[in-house]
Amino acid sequence: MNIYLLTHPESTTFKDSFASLKEFGYNPIIINGYTRYDYFKTNEIVYSNFRDKILPLGIESGCDLFFIEDDTIIKEPFPEFNNKELVRVAYYGNTKTGVIGANIVYINKNIYSTLKYDMENNISQHFDMYLSKFCKKYEIDDLNYPDFKWGEKIHTSAIADKVRKHKKVLP
């Protein structure tokens with residue numbers, strides 16, 4: 001299993017996220033991703049980073065992966081998801097249209113080829129809603145793990161260029 005921590009040069013939260021992973025013995029692979037200055041709409045950035053930078057590394061490694069946004073701080077070790085295809089480990093909640101949030105996502109290597117094909121033949125969009133649509137389209141259980149302990153510190157989002165109201169705020 002590989003852990004990919006998506007960050008960017010302007011991140012004010014990367015150090016806390018990285019430290020929380022190290023605290024539990026993880027050695028994340030740091031991915032310097034696209035920013036709003038790279039000619040993307042703000043709702044396309046995470047999707048494009050995953051499609052272009054993280055998924056190819058997961059495919060090349062042949063290992064399952066955890067994708068983590070750099071404003072996410074873990075407070076416990078990751079659970080085992082060996083027989084699951086896709087699990088939202090850290091997210092904000094559920095709506096009728098899908099799961100809101102993709103702060104930490106576990107993806108099994110068995111769905112890489114389908115995910116790659118679908119992402120390459122889709123438009124860039126909000127990553128969390130894309131995952132919900134993908135799971136529905138390919139009849140993959142869109143599982144979530146509501147008891148995982150995680151959070152975020154209040155910060156200015158480099159994507160939105162504003163302070164976001166977080167639902168999982170840490171002191």
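Which strand holds Arg-88? Arg-88 lies in strand S5, which covers residues 86-90. The structure here is a predicted model, and this arginine is a good place to enter it.

Start with its surroundings. Arg-88 has a relative accessibility of 0%. Buried means under 20%, so Arg-88 counts as buried. What does its side chain reach? One partner is the backbone oxygen of Asp-128, at 3.2 Å. Another is Ser-132: the side chains of Arg-88 and Ser-132 are joined by a polar contact of 3.0 Å.

Now step back to the chain as a whole. It has 171 residues, and 50% of them count as buried. It contains 4 helices and 12 strands. How much of its contact network spans long stretches of sequence? Take the contacts in the chain with a separation of 6 or more. Residues 24 or more positions apart account for 67% of them.

Two of the helices deserve a visit. Helix H3 spans residues 112-120, and helix H4 spans residues 127-137. At what angle do their axes cross? The crossing is at roughly 120 degrees, and the axes come within 11 Å. H3 passes H4 in a right-handed crossing. On the H3 side, the residues in contact are Thr-114, Leu-115, Asp-118 and Met-119. On the H4 side, they are Phe-127, Tyr-130, Phe-134 and Lys-137. By type, the residues of this contact divide into 5 nonpolar, 1 polar and 2 charged.

Aromatic rings come next. A pair of aromatic rings is described by the distance of the centres and the angle of the planes. How many aromatic pairs does the whole structure hold? The search finds 13. One of them joins Phe-50 and Phe-67. Their ring centres lie 5.7 Å apart, with 85 degrees between the planes. Planes over 60 degrees apart count as edge-to-face, so this pair is edge-to-face.

Where do these two rings sit along the chain? Phe-50 belongs to helix H2, residues 45-61. Phe-67 belongs to strand S3, residues 65-69. The two are 17 residues apart, and their pair links distant parts of the chain. Are they buried or exposed? Phe-50 is buried, and Phe-67 is buried too.

The tour ends at a cluster of rings. Which residues make it up? Ring pairs link Tyr-26, Phe-66, Phe-78, Phe-81, Tyr-106 and Phe-148.

Note on methods:
Residues are numbered from 1 along each chain as its sequence is written. This is a predicted model: local features need pLDDT of at least 70, side-chain atom pairs count only at pLDDT 80 or more; totals for chains, interfaces and linings use all residues. Side-chain values use heavy atoms; hydrogens and water are left out. Axes are lines fitted to C-alpha atoms, for helices over the stretch in contact, and angles run from 0 to 180 degrees between N-to-C directions. A crossing is left-handed if the near helix is turned anticlockwise from the far one by less than a right angle, and right-handed if clockwise. Contact means heavy atoms within 4.5 Å. Ala, Val, Leu, Ile, Met, Phe, Trp, Tyr, Cys and Pro count as nonpolar, Asp, Glu, Lys and Arg as charged, and the others, Gly among them, as polar. Buried means under 20% relative accessible area, exposed over 50%, partly exposed in between (1.4 Å probe, protein chains only). A polar contact is a pair of N or O atoms within 3.5 Å; within protein, one must be able to donate a hydrogen and the other to accept it, and residues adjacent in sequence count only if both atoms are side-chain atoms. Rings of Phe, Tyr and Trp (its six-membered ring) pair if their centres lie within 6.5 Å; planes under 30 degrees apart count as stacked, over 60 as edge-to-face and the rest as tilted.
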